Amino acid sequence: MSIRVPLPALARDVYAFNVLNTISFAIVQGVPLILFLKSQGISATMLGVATALSPLMLMLQLPFAHRIYRLGYKRMAVEGWTGRTSVVIVIAIVAMASPWLGPSWTLGLILPLLALYAALRGVAVAAFLPWWRGIVQAEVRGRFLAGESLSNSAAAIIAFSGVTAYLSIWHGPTAYAILFLLSFFAGIGGLYYLRKIPDAPAEVEPDNPTQVPWRAILSHRPFVGLLGFFALFNIAMAGASVCWVTLLRDHFTATDVQMSSLPAMGAVAMGLTLLLVARMLDKVGSRPVIAVGVGLWSLHLMTWGALAGGLLPFGYPTLILIQALSGTGAALVAAASTRLLMATVPGQGRTHFFAVYGFTQALALGLLPACWGIAIDMSHRWTSAIGPIALNSWSVIYPILAVIMAASLVPLATVPEPKAMSTRDFLTELLVNTPGRALTRLTGRDR
């Protein structure tokens with residue numbers, strides 16, 4: 001009988017940091033910020049730029065990765081998070097002053113502040129994955145990462161539900177400024193717990209820490225295959241991050257409450273899914289979980305396309321279906337893909353491996369939202385029809401995103417994971433065995 005390895009005690013501080021950090025991030029980089037920018041008359045192209053700032057600045061992981069060898073993981077993360085939290089209070093002040101500044105000055109100040117916020121995050125985030133890998137045993141990484149994603153989902157539910165209720169009552173610049181102020185205080189709370197997490201032993205500093213070992217990285221075929229998966233997956237995600245806002249706001253004239261409620265729906269679905277799969281991830285492996293998650297995300301994108309094409313009615317039943325697919329797919333991909341990345345990256349040189357991973361993430365999620373925004377701006381007046389299907393920019397772009405998303409499974413197939421179940425066995429475990437055991441416990445038949 002195998003001995004169950006417990007999660008380390010430090011996981012509690014990690015999860016507490018995640019909750020507060022996610023609440024802060026969900027406000028200052030989520031729907032409240034997007035709605036505030038839209039209230040200032042920002043175009044889809046500029047919205048794409050604003051959306052791109054946070055992932056784009058992740059490219060800074062690569063040129064600054066060498067600093068981790070000198071500062072250590074914890075100091076690098078804490079200093080960066082302190083700086084980016086300080087920027088939030090300035091954003092709140094600008095939002096408060098926006099009626100006197102006017103839209104042009106407000107956007108002219110907010111966008112550089114968002115760039116600074118994203119840059120500080122981009123530098124500091126390079127420390128997190130190698131830090132977590134160094135302090136969490138391989139045997140429990142799946143449970144740890146699932147718990148991390150679950151804490152993020154719980155925080156997102158709190159944040160998005162609170163924002164939805166708040167915006168249903170209060171409106172205007174002052175209302176947004178108060179939300180950004182709450183983001184600042186949540187960030188301060190997150191820093192308290194981040195400082196409590198013990199540091200991990202740093203790697204031995206290489207002879208030339210500023211030089212990226214490209215030959216070793218590019219010759220590591222499993223890692224290259226994983227980069228291919230993330231690249232295609234994030235190309236699709238980049239388009240999805242821009243399309244839904246313009247579709248609901250410009251095409252369906254959705255209200256702030258309707259738009260702010262969508263992330264909460266997705267977070268609920270994500271949390272419920274993580275509760276179901278958290279304990280089985282280390283058992284079944286990462287690849288089958290990712291495959292099912294990608295399939296659900298592809299279906300999610302096709303459902304958006306069906307809504308834009310008039311095949312589904314606009315209303316809460318359709319939006320709940322869309323967000324249920326999104327949250328379930330995101331839950332499966334989030335923890336499983338990070339677990340597979342940690343297992344694929346070698347111990348020596350992991351700082352630069354993770355930095356290259358972050359750099360490729362930035363290229364996809366940082367540059368492409370603006371490109372998708374330009375495509376929407378250029379084609380938003382175009383309409384046509386094929387039978388009952390209304391053709392417009394959204395009903396065409398969403399199916400393209402779904403195809404790109406599904407294609408990400410091709411490079412994933414080249415990444416070895418010897419102990420993983422097949423996708424079919426995982427679905428049996430998820431849909432048949434796990435619910436059956438839960439029902440047995442509920443009825444008391446396992447006594």
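## A guided tour, from helix α6 outwards

Glu79 and Arg75 sit four residues apart in helix α6 (residues 73-124), so about one helical turn separates them. Select both and show their side chains. They meet in a salt bridge, 2.8 Å from N to O. Check how open each partner is. Glu79 is partly exposed, at 43% relative accessibility. Arg75 is partly exposed too, at 47%.

**Step back: the whole chain**

Before going on, zoom out. This is a predicted model. The chain has 447 residues, and buried residues make up 55% of them. Colour by secondary structure and you should find 19 helices and two strands. How do contacts spread along the sequence? Take contacts between residues at least 6 apart in sequence: 87% of these join residues at least 24 apart.

**Stop 1: a salt bridge between α1 and α9**

How many salt bridges are there in total? The count comes to two. You have seen the one between Glu79 and Arg75. For the other, select Asp13 and Lys196, whose side chains meet at 3.7 Å, N to O. This pair links distant parts of the chain: Asp13 belongs to helix α1 (residues 11-28), Lys196 to helix α9 (residues 173-196), and these positions lie 183 residues apart in the numbering. Is Asp13 buried or exposed? Asp13 is buried, with a relative accessible area of 16%. Its partner Lys196 is partly exposed, with 42%.

**Stop 2: the aromatic rings**

Now show the side chains of Phe, Tyr and Trp. The model holds 18 aromatic pairs. Start with Phe17 and Phe128. Their rings are stacked, with 5.9 Å from centre to centre and 10° between the planes. Why does this pair tie together separate parts of the sequence? Phe17 lies in helix α1 and Phe128 in helix α7, so the pair joins parts 111 residues apart in sequence. Phe17 and Phe128 are both buried.

Next, select Trp131 and Trp132. The ring centres are 4.9 Å apart and the planes meet at 40°, so this pair counts as tilted. Trp131 and Trp132 are both buried.

Keep those four residues on screen and widen the selection. Which residues form one aromatic cluster? The members are Tyr15, Phe17, Trp81, Phe128, Trp131, Trp132 and Phe144.

**Stop 3: helix α7**

Select residues 128-135, which make up helix α7. Colour by accessibility. The helix is mostly covered, with seven of its eight residues buried. Those seven are Phe128, Leu129, Pro130, Trp131, Trp132, Arg133 and Ile135. Phe128, Trp131 and Trp132 also belong to the aromatic cluster from the last stop.

**Stop 4: α8 against α9**

Hide the rings and show helix α8 (residues 141-167) with α9. Their axes come within 11 Å and cross at roughly 160°. How do the two helices run relative to each other? At that angle α8 and α9 are roughly antiparallel, because angles over 145 degrees count as such. The crossing of α8 past α9 is right-handed. Now add side chains where they touch. On the α8 side, pick Val163, Tyr166 and Leu167. On the α9 side, pick Thr174, Ala175, Tyr176, Ile178 and Leu179.

**Stop 5: α2 against α11**

Move to helix α2 (residues 31-39) and helix α11 (residues 221-251). Here the axes come within 12 Å and cross at roughly 50°. The two helices are therefore oblique to each other. Again the crossing is right-handed, with α2 passing α11. Which residues make the contact? From α2, select Val31, Ile34, Leu35 and Lys38. From α11, add Trp244, Val245, Arg249 and Asp250.

**Last stop: Pro55**

Finish at Pro55 in helix α3 (residues 44-56). Pro55 is buried, with a relative accessible area of 13%. Then select Pro369 as well. Along the chain, Pro55 and Pro369 are 314 residues apart. In space, their C-alpha atoms are separated by 9.8 Å. Draw a distance line between those two atoms to see the gap in your viewer.

Conventions. Residues numbered from 1 in each chain as written. Predicted model: local features only at pLDDT ≥ 70, side-chain atom pairs only at ≥ 80, totals over all residues. Heavy atoms only, no water. Buried < 20%, exposed > 50% of the residue type's maximum accessible area, 1.4 Å probe, protein only. Salt bridge = Lys/Arg side-chain N within 4 Å of Asp/Glu carboxyl O. Phe/Tyr/Trp six-rings, centres within 6.5 Å; stacked < 30°, edge-to-face > 60°. Axes fitted to C-alpha atoms, helices over the stretch in contact; angles between N-to-C directions. Parallel < 35°, antiparallel > 145°, perpendicular 65-115°, else oblique. Left-handed = near helix turned anticlockwise from the far one by under 90°. Contact = heavy atoms within 4.5 Å.
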